[in-house]
Every structure is written in C-alpha cells, then in structure tokens.
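Subject: Structure for you to look at, with notes

Dear colleague,

I am passing on the structure we spoke of, and below it you will find my notes on what turned up when I went through it. Please read them with the structure open beside you.

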Amino acid sequence: MLEKINDIIEEIRGLDAAGQAQVEELRIKYLSKKGLIPSLMGELRNVAADKKREMGQKLNELKTLATEKINELRDKTASTETTDVDIDLTRTATPLHFGTRHPLSLVKDEILNIFAGMGFTIAEGPEIEDDWHVFSSLNFPPDHPARDMQDTFFISREPSDVLIRTHTSSVQTRVMEKTQPPIRIVCPGRVYRNEAISARAHCFFHQVEGLYIDRNVSFADLKQVLLYFAQQMFGPETKIRLRPSYFPFTEPSAEMDISCNICGGEGCAFCKGTGWVEILGCGMVDPNVLKACGIDPEVYTGYAFGMGVERITNLKYRVKDLRLFSENDIRFLHEFDNARSR
C-alpha cells in the first residue's frame, strides 16, 4: 500500500491541465467519493494495526498534496482560459461576495483529520434507524428515559420502532455487525433529539464518535488517544481530566474535561471559575455490546468516545448561541472567511 501511495504522489506532482474541464476531471479522479484517495482510505482498515498510524499520516499527506495541486491548476487555468460570453452590462457594479465554509464543517474536518493521522477511518450510516441499532444493541434497558418520546423523534412504533437517530453510535453497531476486529473508526453525522430550541440546545446537532476494538485494548490507550486529540485541537499546553460517569454502552465510563483554553485553567466566566470545560464522553465498550454485535468479549476489548461538533466549535470560536449555526445569517458566516481547517 505504501508503494501505491508513493506512486500516486509522484503522479500528482507531475499533473498538468489545459483548462478548467481537465482540472475537474482530475479532481473527480483523485478526490471524489469514488476517487483514488478515498478508495485508499477505505483500504486502511485492512492494514496491520501497527502500520495504521503511519499509513494514515501518509494518506493525509497525499490528500493535502492532491488538494493543493488541483487548486493550483484551477487558479492557473482560470487566469489563462478565455470565454466567448459577452459582458453582461446589466450586472450590478457592487462586488459579489463569495461564500465561505461553514464553521461546523471546518471543525468537523479538523477533528477527522486528527483521528485519520492516528489510523482511524471514517464510517457513516443512515439517519433513519431502528430501535435495535440505536438502543437495544447498545445495552439500553427497555425502560431507559432516552426511549421516551420526549427525547426521541419516532417515525412509527408499530410493528417495530422506526426513528431518527439520537446519536451516531448506531453506525458503530452496524460496523461491528459486519466487521471482525481490529476496528478503528470515527463516525461523523447529524443527530436529532426532541428538545426545545434555545441558545444552549437544539433539536438537531452534529457528533463525531470513535470506536477502537482489538485484543488487549485498555483504558490507558483511550486516555492517550484523547490527550493527543485535545493537544492537537486546542494547543500543546492543553491538559485533560477524566471524571467517572455512566453510559449504557460503556463500562467504566467517563466525562472528559480540558483545561479552559480562554483562561489557561486559572478560572473565568466561560469555565464558571473551575478552570475546566467538558468536551466529550468516553469509556470501555461494555461486553454486552460486543456480544450483541457478534464479537467475542472474552477475546476482544475496546473503547468508544463521542463529542458534539457544536461544543468544540463553541470552544474554538466563542460562539455563544447554537441557533446561529443553522440560521444561515450571512453576517455570521462571513466571520469565518479567514478560518482554515487543518
């Protein structure tokens, strides 16, 4: 696989294009969903566990190189390409403002790139789900509050529950059902909960969840991965702490806090004077979940974690009202013109 990556790197370095149409063909060939680079990322799950991190970093470099090269060719051909279209004299003289990437997209891509560098691959699943994948397979008791209509949007209750997913953990169960360990994935996506919309809550939001299952996976492995993520996301001086918590699908479970990146842990209004801010939940995968998905808990162990993209975006960009993310106010979006993901 490394030889294939190196061959594509050399191929990309020598690319040229005579026009915008050829540039688009190159983009489709290398970067589209069915392109060469996403296909290679899909093959990462077949790489030996001790080589995944190296291959993930190499693939990340390849994707960055391809993106930069295609952007370079697009700029080059745009400046030389001519057009036979007449000038539109009715067009306004007022400068037209181009759009910018949404802050949630910027942060989500940054999160995914960090975990890709550690050998995680991306897994996605449907938003309309069944009770088994959202609740039962994840060890939720029949009387758990999350099953109640006040939290979950149900589409139908008979003959079986069909609902809009409340978390992307359903993607993890789908992967575990079809794949034997080692499994190392991150699951980004939109989720829905029946909550009142306010500055601090919304009926839909975005998550990135992670799962790693293999032989001899420990809580120490989880802690090191999360420490690395926090320092890559918020800076090398960032500290973390884990507090005991409860989730039906992990045991033991924990909430993870980071040292406040505004006051440096000294205490401020944002962190309510504690010096710490909660960013995600995590824990070791409960053996009942492994068993329900066809994985032997006597042989394999694993960890899982989940974070809200809006929460991370709030910390990075100091956005205080969640409603701004979905109102498409052009004034708010233009505040991120100069923001760049990793």
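To begin with one helix, the face of helix 2 that is turned away from its buried side carries the exposed residues Ala21 and Glu25. Before going further I should say that this is a predicted model, and that everything below should be read in that light. The buried residues of the same helix are Val23, Leu26 and Tyr30, and they cover an arc of only 60° around the axis, which puts them on the same side of helix 2. The helix runs over residues 20–31, and its twelve residues should span 16 Å at 1.5 Å a residue, which agrees with the 16 Å that separates its end C-alpha atoms.

Helix 8 can be described in a similar way. Helix 8 has 16 residues and reaches 22 Å from its first C-alpha to its last, close to the 22 Å expected at 1.5 Å a residue. Its buried residues are Leu222, Val225, Leu226, Phe229, Ala230, Met233 and Phe234, and, seen down the axis, these fall within an arc of 135°, so they line one face of the helix. What do the buried residues of helix 8 pack against? Their partners are helix 5, strand 7, strand 8, strand 9, strand 10 and helix 10. After helix 8 comes Gly235, whose phi is positive, near 120°.

Turning to the sheet, seven strands form an open sheet of mixed pairing, in the order 1-5-6-10-9-8-7. Its edge strands are strand 1 (121–122) and strand 7 (240–247), each of which pairs on one side only. Strand 7 and strand 8 run antiparallel and are joined by seven bridges, with Leu242 standing opposite Met256 in strand 8, and a hairpin of two residues connects these two strands. Strand 8 in turn pairs with strand 9 in the antiparallel sense over eight bridges, and there the bridge partner of Ser253 is Gly283 in strand 9. Strand 9 (residues 276–285) also pairs with strand 10 (residues 301–308), again in the antiparallel sense, over five bridges; in this pairing Met284 has Tyr303 of strand 10 as its bridge partner, while Cys282 stands opposite Phe305 in strand 10.

How much of strand 9 is buried? Eight of its ten residues are, so strand 9 is largely enclosed by the rest of the structure. One residue of interest here is Ile279, which, leaving aside its neighbours within four places in sequence, is in contact with Phe229, Phe234, Met256, Ile258, Met307, Gly308, Arg311, Ile312 and Leu315.

Ile279 also belongs to the largest nonpolar core, which has 44 residues, and the members that touch the most others are Ile111, Phe115, Phe120, Ile279, Tyr303, Phe305 and Met307. The elements that give two or more residues to this core are helix 5 (103–116), strand 6 (204–214), helix 8 (219–234), strand 8 (250–259), strand 9, strand 10, helix 10 (309–317) and helix 11 (330–333). Apart from it lies another core, of 25 residues, which includes Phe135, Leu138, Met176 and Leu211.

A loop residue that you may wish to look at is Thr168, which lies between strand 4 (162–164) and helix 7 (169–178). Is Thr168 buried or exposed? At 0% relative accessibility, Thr168 counts as buried. Not counting residues up to four places away in sequence, Thr168 touches Cys187, Pro188, Gly189, Val191, Gln207 and Glu209.

Lastly, the cysteines. A disulfide is a covalent bond between the sulfur atoms of two cysteines. With a cut-off of 2.5 Å between the sulfur atoms, the count for this model comes to zero disulfides. Cys293 is in no disulfide, and the nearest cysteine sulfur, that of Cys187, is 12 Å away. Cys293 is buried, with a relative accessible area of 4%, and Cys260, at 2% relative accessibility, counts as buried too.

With best wishes

Definitions and conventions:
Residues are numbered from 1 along each chain as its sequence is written. This is a predicted model: local features need pLDDT of at least 70, side-chain atom pairs count only at pLDDT 80 or more; totals for chains, interfaces and linings use all residues. Side-chain values use heavy atoms; hydrogens and water are left out. Two strands pair if DSSP finds at least two bridges between them. Helices (H or I, at least four residues) and strands (E, at least two) are DSSP runs, numbered from the N terminus. A nonpolar core is a set of buried Ala, Val, Leu, Ile, Met, Phe, Trp, Tyr and Cys residues joined through side-chain atoms within 4.5 Å. Buried means under 20% relative accessible area, exposed over 50%, partly exposed in between (1.4 Å probe, protein chains only). Contact means heavy atoms within 4.5 Å. The expected span of a helix is 1.5 Å times one less than its number of residues. The arc is that of the directions from the helix axis to the C-beta atoms.
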